[in-house]
Amino acid sequence: MHLELVSTKSANLYILEGMQKSIKPFLKVYDQIHFTLRKPISMVNKIRKETNHEFGFSFNIDGELKGKAIALIDTFEKNISKNEYHDLKAAIQEGLNIVIGNTLGELDQNIDLMSLISPPSFIDLEDNFSIKEKFDLRITLLYSIEFNNKMYNCRLYYLLDKKIYKQVCV
Amino acid sequence: MHGGCVNFKVIIVDDSEFSRKNISSHLEGTNFDVIAQAGTGLEALEILENSTIDIAIIDLVMPELSGIELTKKIFENKKNISVIMISSLNHESVVMESITAGASDFIQKPIAKENLLNSLNKISQISQEL
């Protein structure tokens with residue numbers, strides 16, 4: 001028995017397939033906030049805020065996969081009061097923690113790659129935000145989030161570096 | 001812990017205000033009284049120093065002090081308390097690490113009211129028997 005390093009291409013494919021199996025298509029958090037997957041996984045190059053109507057959260061991922069999970073939520077034409085914004089941020093922060101955490105848990109079960117998330121950092125409406133770092137795998141999903149009878153689009157990015165060793169029987 | 005059929009004092013430790021609020025509302029009208037909430041592990045230690053708490057519901061991933069570190073610190077101080085670890089993660093190693101640190105149970109988020117009450121009832125029953 002020996003350990004074989006799989007090629008970069010097949011390693012990316014391995015993770016991509018694992019993510020496809022692991023993502024949550026629908027999640028209801030405490031009967032208050034609902035996440036529904038609108039667009040499945042696609043590869044992405046640019047990760048940045050498109051308008052100053054977007055806020056977001058960035059979680060570090062650490063373990064057998066390293067990188068970030070970043071979510072950007074669009075509030076364009078939602079007419080949100082200051083109080084509503086406070087509640088929305090709190091609900092989405094915890095909702096994302098659950099969506100991402102559950103996905104990483106499934107990923108561990110599906111393809112045996114264990115990674116954990118950090119507490120998030122907040123990206124405010126006025127903040128400039130873009131990612132210039134290079135990652136082996138840059139994927140995105142689109143969720144719609146329902147909270148307090150309003151719907152929000154949420155772009156969720158997983159930016160991942162990996163070191164995968166596949167065990168092969170000989 | 002209390003003897004007989006009495007109320008249990010609970011602290012919720014989670015950096016998410018939304019989560020604390022919802023867990024707390026799950027426990028309204030039960031014999032588990034949420035007498036304190038903390039957003040960080042350090043805040044929780046301060047509260048635990050000055051009050052008698054029966055059960056701590058602790059989030060695993062928190063800034064400054066993780067749920068596992070907090071649990072270890074609680075038991076270093078030999079607190080007579082039961083810990084339920086909660087997390088969006090459910091990796092086997094994380095569950096094992098939580099139990100090894102001293103947690104009596106591990107519940108994955110999102111937390112269903114029924115699961116939480118089952119866990120609390122089990123823990124309170126065991127502690128009453130001891």
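Here are some friendly notes on this predicted model, starting with the contact between chain A and chain B and moving on to pairs within chain A.

1. **The interface as a whole.** Chain A brings 25 residues to the contact and chain B brings 23 residues. Together the chains bury about 1800 Å², with carbon and sulfur atoms giving 60% of that area. On the chain A side, A:Tyr30, A:Glu94 and A:Pro119 are worth finding in your viewer: they supply 32% of the area that chain A buries against chain B, more than any other three residues.

2. **Polar links across it.** Eight residue pairs are in polar contact between chain A and chain B, counting pairs with both residues at pLDDT 80 or more. The elements of chain A that each supply at least two residues of the side touching chain B are β2 (26-29), α2 (82-111) and β6 (115-117). Of these, α2(A) gives the largest share, 13 residues. By residue class, the side of chain A that touches chain B divides into twelve nonpolar, ten polar and three charged residues.

3. **A:Glu94, a good place to zoom in.** This residue sits in helix α2 of chain A. How many salt bridges does the rule find across the interface of chain A and chain B? There is one, and its partners are A:Glu94 and B:Lys109, whose side chains meet at 2.7 Å, N to O. A:Glu94 has a relative accessible area of 2%, so it counts as buried, the limit being under 20%. Leaving out residues up to four places away in sequence, A:Glu94 touches A:Tyr30 in its own chain, and B:Asp14, B:Ser16, B:Phe18, B:Ser19 and B:Lys109 in chain B.

4. **B:Ser88, seen from the other chain.** B:Ser88 belongs to the loop between β4 (82-87) and α4 (92-101) of chain B. Is B:Ser88 buried or exposed? It is buried, at a relative accessible area of 2%. The side chain of B:Ser88 reaches the backbone oxygen of A:Asn97 at 3.0 Å. Beyond residues up to four places away in sequence, B:Ser88 touches A:Asn97, A:Ile98, A:Gly101, A:Asn102 and A:Ile117 across the interface, along with B:Gln108 and B:Lys109 in chain B. B:Lys109 is thus a name to keep in mind from two sides, since B:Ser88 touches it and A:Glu94 pairs with it in a salt bridge. Within chain B, the C-alpha atoms of B:Ser88 and B:Asp59 are separated by 8.9 Å, the two residues being 29 residues apart along the chain.

5. **Aromatic pairs in chain A.** The count over all chains comes to seven aromatic pairs. In one of them, A:Phe35 and A:Tyr143 have ring centres 6.1 Å apart and planes at 80 degrees, which makes the pair edge-to-face. Because A:Phe35 lies in strand β3 (residues 33-43) and A:Tyr143 in strand β8 (residues 137-147), the pair ties together parts of chain A that are 108 residues apart in sequence. A:Phe35 is buried, with a relative accessible area of 1%, and A:Tyr143 is buried with a value of 1%.

6. **A tilted pair and its cluster.** A:Phe55 and A:Phe122 form a tilted pair, 6.2 Å centre to centre with 50 degrees between the planes. A:Phe55 is in strand β4 (residues 54-63) and A:Phe122 in strand β7 (residues 121-123), so this pair ties together parts of chain A that are 67 residues apart in sequence. A:Phe55 is buried at 0% relative accessibility, whereas A:Phe122 is partly exposed at 32%. Ring pairs link A:Phe55, A:Phe57, A:Tyr85 and A:Phe122 into a cluster.

7. **Salt bridges around A:Arg155.** Over all chains, the structure holds nine salt bridges. One of them joins A:Glu50 and A:Arg155 at 3.8 Å, N to O. A:Glu50 lies in the loop between β3 and β4 and A:Arg155 in strand β9 (residues 150-162), so the bridge ties together parts of chain A that are 105 residues apart in sequence. A:Glu50 is exposed, at 61% relative accessible area, while A:Arg155 counts as buried at 16%. A:Arg155 also forms a salt bridge with A:Glu54, where the closest N and O atoms are 2.1 Å apart.

How values were computed:
Residues numbered from 1 in each chain as written. Chains lettered and ligands numbered in written order. Predicted model: local features only at pLDDT ≥ 70, side-chain atom pairs only at ≥ 80, totals over all residues. Heavy atoms only, no water. Contact = heavy atoms within 4.5 Å. Buried area = accessible area lost by both parts, 1.4 Å probe. Salt bridge = Lys/Arg side-chain N within 4 Å of Asp/Glu carboxyl O. Polar contact = N/O pair within 3.5 Å; in protein donor to acceptor, adjacent residues only side chain to side chain. Helix = DSSP H or I, 4+ residues; strand = E, 2+ residues; numbered from the N terminus. Nonpolar A, V, L, I, M, F, W, Y, C, P; charged D, E, K, R; others polar. Buried < 20%, exposed > 50% of the residue type's maximum accessible area, 1.4 Å probe, protein only. Phe/Tyr/Trp six-rings, centres within 6.5 Å; stacked < 30°, edge-to-face > 60°.
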